[in-house]
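Let's take a walk through this model together, starting with the overall layout and ending at a single loop residue. Keep the viewer open as you read.

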Amino acid sequence: MLPGMSPRQRSRLFQEVNDRIYDLLASADSDLPGEFLCECGRDCDQRVPLLPAAFVTLRESGGLVRSPNCRRSRFRRDSEAPAAGGIPALG
Ligand SMILES: [Zn+2]
C-alpha cells in the first residue's frame with residue numbers, strides 16, 4: 001500500500017490517521033464504531049472496527065490498534081480475512 005515506508009513510519013502515520021478518524025467520530029456520533037487502520041506497521045491493509053471509547057482506552061494504555069489477524073503470533077497474508085464491520089469472535 002505504501003511501499004518504501006518502514007514499519008515504524010507506517011505505524012506512526014496510521015496512528016495519526018486514526019487520531020483524525022477518532023476526531024471525526026467524536027464530533028459526530030460517538031456511539032457508532034469507526035474503521036480504524038491497523039497500526040501493526042506491516043503492509044496488512046487491515047481495518048479495525050472500534051468504538052471511539054475503545055480507541056481512547058487503547059490510546060490511554062499506550063496500545064496500538066491491531067487487527068485480530070495481526071494479533072496472532074505470526075503475520076500471514078490472508079486474502080480471506082473477515083471483512084470489516086465486525087470483530088470476529090475468537091475461539
Ligand atoms: Zn496489521
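The chain of this predicted model contains 3 helices and 2 strands. Following the sequence from its start, you meet them in the pattern α-β-β-α-α. The chain has 91 residues, and 22% of them count as buried. If you look at contacts between residues at least 6 apart in sequence, 52% join residues at least 24 apart.

A good place to begin is helix α1, which spans residues 7–27. Its 21 residues reach 30 Å from the first C-alpha to the last, close to the 30 Å expected at 1.5 Å a residue. Which residues of α1 are buried? They are Arg-10, Phe-14, Asn-18 and Leu-25. These buried residues lie on the same side of α1 because they cover an arc of only 70 degrees around the axis. The general rule behind such a pattern is that an α-helix has 3.6 residues a turn, so residues three or four places apart point the same way. Turn to the other side of α1 and you will find exposed residues: Arg-8, Gln-9, Glu-16, Arg-20, Asp-23 and Ser-27.

What covers the buried residues of α1? The cover includes strand β1 (34–37) and helix α2 (52–60). One of those buried residues, Phe-14, also belongs to the largest nonpolar core. This core has 11 residues in all: Phe-14, Phe-36, Leu-37, Cys-38, Cys-40, Cys-44, Val-48, Leu-50, Phe-55, Val-65 and Cys-70. Strands β1 and β2 (47–50) each supply at least two residues of this core.

Now pick out Cys-40, a member of that core. Not counting residues up to four places away in sequence, Cys-40 touches Ser-11, Leu-64, Arg-66 and Cys-70. Cys-70 is itself part of the core.

The contact with Leu-64 brings us to our last stop. Leu-64 sits in the loop between α2 and α3 (68–71). Is Leu-64 buried or partly exposed? Leu-64 counts as partly exposed, because it has 16 C-beta neighbours inside 10 Å, whereas a buried residue needs 20 or more. Leaving aside neighbours within four places in sequence, Leu-64 is in contact with Ser-11, Glu-39 and Cys-40. Ser-11 thus appears in the contact lists of both Leu-64 and Cys-40, and Ser-11 falls within the residue range of α1. Finally, try a distance in your viewer: the C-alpha atoms of Leu-64 and Gly-41 are separated by 9.8 Å, with the two residues 23 apart along the chain.

Conventions:
Residues are numbered from 1 along each chain as its sequence is written. This is a predicted model: local features need pLDDT of at least 70, side-chain atom pairs count only at pLDDT 80 or more; totals for chains, interfaces and linings use all residues. Helices (H or I, at least four residues) and strands (E, at least two) are DSSP runs, numbered from the N terminus. A residue is buried if 20 or more other C-beta atoms lie within 10 Å of its own, exposed if 12 or fewer, and partly exposed in between; C-beta atoms are placed from the backbone. Two residues are in contact if their C-beta atoms, placed from the backbone, lie within 7 Å. The expected span of a helix is 1.5 Å times one less than its number of residues. The arc is that of the directions from the helix axis to the C-beta atoms. A nonpolar core is a set of buried Ala, Val, Leu, Ile, Met, Phe, Trp, Tyr and Cys residues joined through C-beta atoms within 7 Å.
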